Each structure stands twice: as C-alpha cells, then as structure tokens.
Amino acid sequence: MERPPGRVAGIITRVVGTAAGVFYQVDRHGPRLPEGPVLVAVNHPNSLVDPLLVFRCSGRLTRPLARSGLFDHLLLGPVLRTLGGIPVYRRQDDPSSTHRNEEMFRDAIGVLLGGGAIQIYPEGRSHSEAHVVELRTGAARIALQAEEAAKWKLGLSIVPVGITYTRKERARTAVAVRFGQAFGCARLEEVYRADPVTAVRTLTEQIETGIRAETLNFVHHGDRALVEVAEQLYVRESRWVPWRAREELGARVPRLQRFAAGLEWIRRESPDEHLALLRKVERYAALNERVGAGQGDVPPRYGLVPVARYIAVRGTLLLAGLPVAVAGLLLWAPVTRLPRVVIGFTRPDFEVTATHKLLALITGVTAGWILWVVLGYLAGGSLAALAVAILAPVCGYAAIQWIELAGEVREDTVLFLRLQGRPDVRKRFARMRRELARTFRDLEKRWEDEELPSSADRGNVSARDG
C-alpha cells in the first residue's frame, strides 16, 4: 500500500494548492480520486501551474512527472524532490539523456505497484492550442507495464482530468478542473500479450477521449469567444440562469462543449448558414461589449424588488467588509505589485507567464507574512505575533473578495444607469436574443435528427453482430 506522504510534502502540497486557489478562481468538478494505485492523466495548457491545481483538487498526494531540467532549478528542484517528483528526459531538452527514461518508467511503475498515485501530462508539453493536441504514449505504457508487473491484478485506476482557463496569464480569472470517471486497463491483457503496440495505442486513444470529454476543444481560437457569447445569451433567454448572475466556469463547460460541437456541425454541413450565424453572434457580442454588460447580459427589464434586494444585500456586504478590506490592502499592496515587476524583469515566454507570476506571489507573500509576524512580535510579544500570523492572510483574502464584489457591483450599476431611459436598447437585446435562441433550437433539432438515423444504424449493426 501507499506510504503516507512525509510531513514536509504534506505542508508543501497544501501551501502550493492554496496559492493556486488564491491566484485563480478554481472550480472543481467530478468524483474524488479512488483509493489504491491511480494514474492521473491531465491536459497541459499552463506549465507548472497545472500540477499545482491538481495538487489542490486531488484530495491525495499525486507524485508529478516533470521534465528533468526542473529538478536542477534552485527553488523548484528541492520542492519536486520532496514531493516525490519523477524526472522525464525529453529529446528536445537533451537528446543524449533520453535513455534515462528507463529510470522514469521504473520509478513511476514502482509508485503504482506500491498503491500510490502519479500525475502525468500525455501531451508532452505546455501549449496554448485551442484543443487537446495529440497524446504521447508514455501514460499508456506506464499503465500497461504496471498491470503486467502485477500479473494484471493491480486494479490500476486511470483518471482523465481536464483543466480549462478563461485567461491563464491573468490572476483571479476562472479555471475549471474537471475529473472524469476512472477506468482500468486490465481488460487489455490479451491484446497486450499479442501486440503491445496495439494495446498501447488503444489505451492512449481512450485516455485522449477521456481528457477531451473534460475540456473545451475548438478548431480555431476565435471560436471560443463566439461560443461563450452564444451559450451566455441562450441560457438566459431560456431562463436557465438568472440575469446578471456569474456562473462558475466548470458548470458552463458541458453546455459550451455542446455549442462547440454544434458550431462544427453547421460549419461542415452548411458553410453559408455558419457564416450568417457567426455574423449575428458577433453583432450581439459587439453590442454587449459596447454597453459593458459582461457575462451577466442585459436584462429585459429591471424590477423594483430585485433592484432593492440587490442594493440591500451587496451594499451591506461592501460596507461590512470595507474595514477588513482596507486592512488587507494596506498589508499586502506591495506584494500585489511584485508579479508585474518580476514579469518586467524576466520577460518570460507566454506559456510560463502565469508560473512566474505565481512563484513571485508565493515568494512575496511568504516574505511579507514573516515580516509582519516579526514586527508583531517586536511590538507586542507572542500573542501579537500569533494574531498577526492569523489575521494578515485573512485580511488579504478578504480584500481580494471585496475588490471582486465591488467590481461586479460597479459593472452592474454602470449598466443599470446606462440603460435608464433606454428601453429601445433593452428591446433590441431581447429581440436579438429571441432570434438567435430560435436559430439555435432549430439547428439543434436538425442536428439531432441527423444523429438519430446514424445512432439507429449503429444499433442495428451492433444487434446483428451480437
């Protein structure tokens, strides 16, 4: 069975997980990781931040596979070794070292045989593509070799995980971490004995299918913005989501996936309709941006009771939280400027911008916290130091929440004032939403009508084969 992680490893995972949860608005979906040996296969859109999110959301220690060069880093190397990280020797980093991947396979398989969990990124590199790129076979090979070593009785669970960011380079933007259903690979025993290459390819395809099911995938980068606008207006026109509500990204992902698939279907089946639809959505998005509606869209009307309730609730929260927010801003204002300074100095590639920002914040917050605790001790002794140690991070996080709530209130208030005396604008939005929603429903019906015969044909074939 898996040995419990050391105390230092446990502390580090909690610290970096908490840091990732403060840096982003993290939304976790899906079942918990199962007990026993687990291989967590994750897409890789955001360099070293992705493993931190997996640490935060896994609920158990998952030993990371990471490129070998990181283990030589002054700060990251000791951390990775403490967490039980396993180095991967990539050809693009050092072609002469790839033979050492035999060690990587042996160590990863050893963790699984001991009942542990590993996290692996089968895409092989961090990227900003609009979709999951072709997976490498390492994850499947590790899984199958581990089962083979246990005479196919290991009971290994493979868990696909999808990480989706709104703006991965920006702090406090939303990120969805979606855990898929676990599956095993012992069923491939006979295939593996007869043809290991086919078994590896089959399992790699299943892992890719699992990751794609938990992520957003688009043909073109521009498709995502249009799909988000289309989904946003449709769910409000359909009364699934209240006006001006900001949904968590993870809850939207299944609907966004459906819209993305529909976009590709209409692009393939009727390019002219596709182009006309895109133009309508673009016009709606442009109008939405012009009035500053944001994700909450433009309500068809503003009722007196909802407006009064909004003012009472949010006004009370802002007033009550103001003193704590001010304290947090005074304590941590210098630290919040540190990432910008670091980015200006290091000028990192886009793929590692968030990593540099997050590392700068972790370093700055740690140093700032120690400084405030020491000053508290010098000013008032042990009790003052303890109070500062607890209250300083609490005030900082409260300030973050207060600023975000104030931003939402400002956006809602500006929109409300801008639309007063302009019923024509609200009617225009309502008319465009109705037309687009009607178009979406018609396209969905055509899409489903086309899918049903195909499904029936597949069912007939399956019945005959049975």
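## Selected sites and helix contacts in a predicted model

Arginine 239 is exposed, because its relative accessible area of 56% is over 50%. This residue belongs to a model that is predicted, and arginine 239 is placed in the loop between helix 8 (221-237) and helix 9. Although arginine 239 is not a glycine, its phi is positive, at about 65 degrees. The loop between helix 8 and helix 9 also holds arginine 244, and there too phi is positive in a residue other than glycine, with a value near 65 degrees. Arginine 244, however, counts as buried, because its relative accessibility is 11% and the cut-off for burial is under 20%.

The protein that carries these sites has 14 helices and seven strands. Its C-alpha atoms fill a box of roughly 80 × 75 × 35 Å when taken along the principal axes, and 44% of its 466 residues count as buried. Among the contacts between residues at least 6 apart in sequence, 75% join residues at least 24 apart.

**Helix 9, helix 10 and the loop between them**

Helix 9 (249-269) and helix 10 (271-291) have between them a loop in which serine 270 is placed. Serine 270 is buried, since its relative accessibility is 15%, and its side chain makes a polar contact of 2.9 Å with the side chain of glutamate 273. Glutamate 273 is also among the residues of helix 10 that take part in the contact between the two helices: on the helix 9 side are Leu263, Ile266, Arg267, Arg268 and Glu269, and these meet Pro271, Glu273, His274 and Leu278 of helix 10. By class, the residues of this contact divide into four nonpolar, one polar and four charged. The axes of helix 9 and helix 10 come within 5 Å and cross at roughly 130 degrees, and the two helices are therefore oblique to each other.

**Helix 1 against helix 13**

How are helix 1 and helix 13 oriented with respect to each other? Helix 1 (residues 7-23) packs with helix 13 (residues 353-419) at an angle of about 110 degrees, and their axes are 9 Å apart. This angle falls in the range of 65 to 115 degrees, so the two helices are roughly perpendicular to each other. The crossing in which helix 1 passes helix 13 is right-handed. Helix 1 contributes Ala19, Val22 and Phe23, which meet Ala354, Lys357, Leu358, Leu361, Ile362, Tyr397 and Ile400 in helix 13. The residues of this contact comprise nine nonpolar, no polar and one charged.

**Three buried residues in strands and a helix**

Glutamine 119, arginine 178 and leucine 80 are set out below with their elements and accessibilities.

| Residue | Element | Relative accessible area |
|---|---|---|
| Glutamine 119 | strand 5 (residues 117-120) | 0%, buried |
| Arginine 178 | strand 7 (residues 174-179) | 13%, buried |
| Leucine 80 | helix 3 (residues 76-82) | 13%, buried |

For glutamine 119, a relative accessible area of 0% is the reason why the residue counts as buried. Outside its own stretch of sequence, leaving out residues up to four places away, glutamine 119 touches Val40, Pro51, Val54, Phe55, Thr62, Arg63, Pro64 and Leu65. The side chain of glutamine 119 is joined to that of tyrosine 121 by a polar contact of 2.5 Å. Glutamine 119 and valine 159 lie 40 residues apart along the chain, and their C-alpha atoms are separated by 9.4 Å.

Arginine 178 is a charged residue that counts as buried, because its relative accessibility is 13%. Which residue is its side-chain partner in a polar contact? The partner is glutamate 214, whose side chain lies at 3.2 Å in this contact. Glu214 also appears among the residues touched by arginine 178 when those up to four places away are not counted, and the others in that list are His29, Pro160, Val161, Gly162, Gly250, Val253 and Pro254.

Leucine 80 is in contact with Pro64, Ala66, Leu70, Phe71 and Gly85, again leaving aside neighbours within four places in sequence. Of these, Ala66 is 14 residues from leucine 80 in sequence, and the C-alpha to C-alpha distance between the two is 8.4 Å. Pro64, listed here as a contact of leucine 80, is also touched by glutamine 119.

Methods
Residues are numbered from 1 along each chain as its sequence is written. This is a predicted model: local features need pLDDT of at least 70, side-chain atom pairs count only at pLDDT 80 or more; totals for chains, interfaces and linings use all residues. Side-chain values use heavy atoms; hydrogens and water are left out. Helices (H or I, at least four residues) and strands (E, at least two) are DSSP runs, numbered from the N terminus. Buried means under 20% relative accessible area, exposed over 50%, partly exposed in between (1.4 Å probe, protein chains only). A polar contact is a pair of N or O atoms within 3.5 Å; within protein, one must be able to donate a hydrogen and the other to accept it, and residues adjacent in sequence count only if both atoms are side-chain atoms. Contact means heavy atoms within 4.5 Å. Axes are lines fitted to C-alpha atoms, for helices over the stretch in contact, and angles run from 0 to 180 degrees between N-to-C directions. Angles under 35 degrees count as roughly parallel, over 145 as roughly antiparallel, 65 to 115 as roughly perpendicular and the rest as oblique. A crossing is left-handed if the near helix is turned anticlockwise from the far one by less than a right angle, and right-handed if clockwise.
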